[in-house]
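User: Can you take me through the salt bridges and the main pocket here? Short answers are fine.

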Amino acid sequence: MSGYWVVRGSAVKDPGALERYADMWAPIAESYGAEVVAGKGQIDIREGNDYPRQLVIRFPSYADAVACYEDPDYQAAKEVAEKAYDRELVIMEGFD
């Protein structure tokens, strides 16, 4: 079954950190087969808190999603992301 990251975040606080994070994230995502499947375009908050940055990232499996998060390279990238914007991240298993 596919695994997913659901990432919800604030407006960008540090554009330079966001750019560094994106550069660090790209090879990590590729190595785990990660694909952003939602997050570009309109967001319509109907319930809950407003998070202007939201992404859904699909992985080939739940185990891949967990392994990616626990990867030391991702943990280093995460520290940069946390400087870029406040965020929440949930790992979920898909229905497929």
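Analyst: Salt bridges come up before the pocket below. This is a predicted model, where local features need pLDDT of at least 70, side-chain atom pairs count only at pLDDT 80 or more, and totals for chains, interfaces and linings use all residues. Residues are numbered from 1 along each chain as its sequence is written, and side-chain values use heavy atoms, with hydrogens and water left out.

User: How many salt bridges does the structure hold?

Analyst: Four. A salt bridge here is a side-chain nitrogen of Lys or Arg within 4 Å of a carboxyl oxygen of Asp or Glu.

User: Which residue pairs with D86?

Analyst: K13 does, with the closest N and O atoms 2.9 Å apart. The two sit in distant parts of the chain, 73 residues apart. D86 is in the loop between α3 (72–84) and β4 (87–93), and K13 is in the loop between β1 (3–9) and α1 (15–32). Helices (H or I, at least four residues) and strands (E, at least two) are DSSP runs, numbered from the N terminus.

User: Is D86 buried or partly exposed?

Analyst: D86 is partly exposed, at 45% relative accessibility. K13 is partly exposed too, at 48%. Buried means under 20% relative accessible area, exposed over 50%, and partly exposed in between (1.4 Å probe, protein chains only).

User: And what does R58 bridge to?

Analyst: E35, at 2.8 Å from N to O. R58 lies in strand β3 (residues 53–59) and E35 in strand β2 (residues 35–38), so this pair ties together parts 23 residues apart in sequence. R58 has 31% relative accessibility, and E35 has 41%.

User: What about E82, where is its partner?

Analyst: E82 bridges to K78, closest N and O atoms 3.1 Å apart. Both are in helix α3, four residues apart, so about one helical turn separates them. K78 counts as buried, at 15% relative accessibility, whereas E82 is partly exposed at 40%.

User: Switching topic. How much space lies in the largest pocket?

Analyst: About 360 Å³. On a 1 Å grid over the protein atoms alone, a pocket is an open set of points where a 1.4 Å probe fits, with protein on both sides within 12 Å along at least five of seven lines. Lining residues have an atom within 4 Å of a point.

User: Which residues are closest to its centre?

Analyst: Y21, K40, R53, L55 and Y85, of the 17 that line the largest pocket. α1 and β3 each supply at least two lining residues.

Technical notes: Points joined across faces, edges and corners; volume = space filled by probe spheres on them.
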